[in-house]
Amino acid sequence: MNFSRVIVRSLTTSGVQRTVAKGEVEKGYFELKKVQEHFQKKDGKPVFLKGSTFDQVLYRLTVALALVGVGGMGKLFYDLSVPKSE
């Protein structure tokens with residue numbers, strides 16, 4: 001019983017814990033704050049377009065494909081509702 005408890009305890013605890021001296025800040029913190037400021041900037045853009053030009057390309061491609069799908073549905077509904085004359 002005690003042996004299984006030791007195994008479970010060793011599997012559930014984290015491996016390495018880093019300690020930071022009091023008053024010292026991790027170097028990744030400043031990079032994270034810079035990215036947060038970039039995305040929270042009040043420039044009128046939605047957050048999903050603030051990343052890069054690649055985000056804008058993906059957004060426009062998604063909108064174009066959605067419009068093609070809606071157009072295809074409209075054509076399908078028209079074809080199914082209007083009988084073809086022979």
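This report walks through the helices, ring pairs, surface patch and salt bridges of a predicted model.

**Overall layout**

Going from the N terminus, the chain reads α-α-α, with three helices and zero strands. Not much is tucked away here: of the 86 residues, buried ones make up 2%. The chain exposes about 8,500 Å², and 63% of that comes from carbon and sulfur atoms.

**Helix 3**

Helix 3 covers residues 53-81, which is 29 residues. How far apart are its end C-alpha atoms? They sit 42 Å apart, and since a rise of 1.5 Å a residue also predicts a span of 42 Å, the two figures agree. At the start of the helix, Ser 52 gets involved: one of its side-chain oxygens comes to within 3.3 Å of the backbone nitrogen of Phe 54.

Further along helix 3 there's a salt bridge between the side chains of Asp 79 and Lys 75, at 2.8 Å from N to O. Both partners belong to helix 3 and are four residues apart, about one turn of the helix. That spacing makes sense for a contact along one face, because an α-helix has 3.6 residues a turn and residues three or four places apart point the same way. Asp 79 is partly exposed because its relative accessibility is 33%, between the 20% and 50% cut-offs. Lys 75, at 53%, counts as exposed.

**Lys 50 and its partners**

The salt-bridge count is two, and the other one takes us to the loop between helix 2 and helix 3, where Lys 50 is found. Its side chain meets that of Asp 43 in a salt bridge, 3.5 Å from N to O. The Lys 50 side chain also reaches the backbone oxygen of Lys 41, at 2.5 Å. Is Lys 50 buried or exposed? It counts as buried, because its relative accessibility of 10% falls under the 20% cut-off. Asp 43, on the other side of the bridge, is partly exposed at 40%.

**Aromatic pairs**

The structure holds two aromatic pairs, set out here with their geometry.

| Pair | Centre to centre | Angle between planes | Type |
|---|---|---|---|
| Tyr 29 and Phe 30 | 5.7 Å | 75° | edge-to-face |
| Phe 48 and Tyr 59 | 5.4 Å | 40° | tilted |

The Phe 48 and Tyr 59 pair is called tilted because its 40° falls between the 30 and 60 degree limits. This pair links distant parts of the chain, with Phe 48 in the loop between helix 2 and helix 3 and Tyr 59 in helix 3, eleven residues apart. Both rings are partly exposed, Phe 48 at 46% relative accessibility and Tyr 59 at 38%. As for the other pair, Tyr 29 is partly exposed at 41%, while Phe 30 counts as exposed at 51%.

**A nonpolar surface patch**

Phe 48 and Tyr 59 turn up again in a nonpolar patch on the surface, together with Val 35, Phe 39, Val 47, Val 63 and Leu 67. Together these residues have about 640 Å² of accessible area. Which elements give two or more residues to the patch? Those are helix 2 (27-40) and helix 3. Helix 3 gives the most, with three residues. One of the patch members, Val 63, has its place in helix 3 and is partly exposed, with a relative accessible area of 36%.

Terms used. Residues are numbered from 1 along each chain as its sequence is written. This is a predicted model: local features need pLDDT of at least 70, side-chain atom pairs count only at pLDDT 80 or more; totals for chains, interfaces and linings use all residues. Side-chain values use heavy atoms; hydrogens and water are left out. The expected span of a helix is 1.5 Å times one less than its number of residues. A polar contact is a pair of N or O atoms within 3.5 Å; within protein, one must be able to donate a hydrogen and the other to accept it, and residues adjacent in sequence count only if both atoms are side-chain atoms. Patches are made of residues with over 30% relative accessible area and no salt bridge: like charges are joined within 9 Å, nonpolar side chains (Val, Leu, Ile, Met, Phe, Trp, Tyr) within 5 Å. Accessible areas come from the Shrake-Rupley method with a 1.4 Å probe; for residues, only the protein chains shown count as cover. A salt bridge is a side-chain nitrogen of Lys or Arg within 4 Å of a carboxyl oxygen of Asp or Glu. Buried means under 20% relative accessible area, exposed over 50%, partly exposed in between (1.4 Å probe, protein chains only). Rings of Phe, Tyr and Trp (its six-membered ring) pair if their centres lie within 6.5 Å; planes under 30 degrees apart count as stacked, over 60 as edge-to-face and the rest as tilted.
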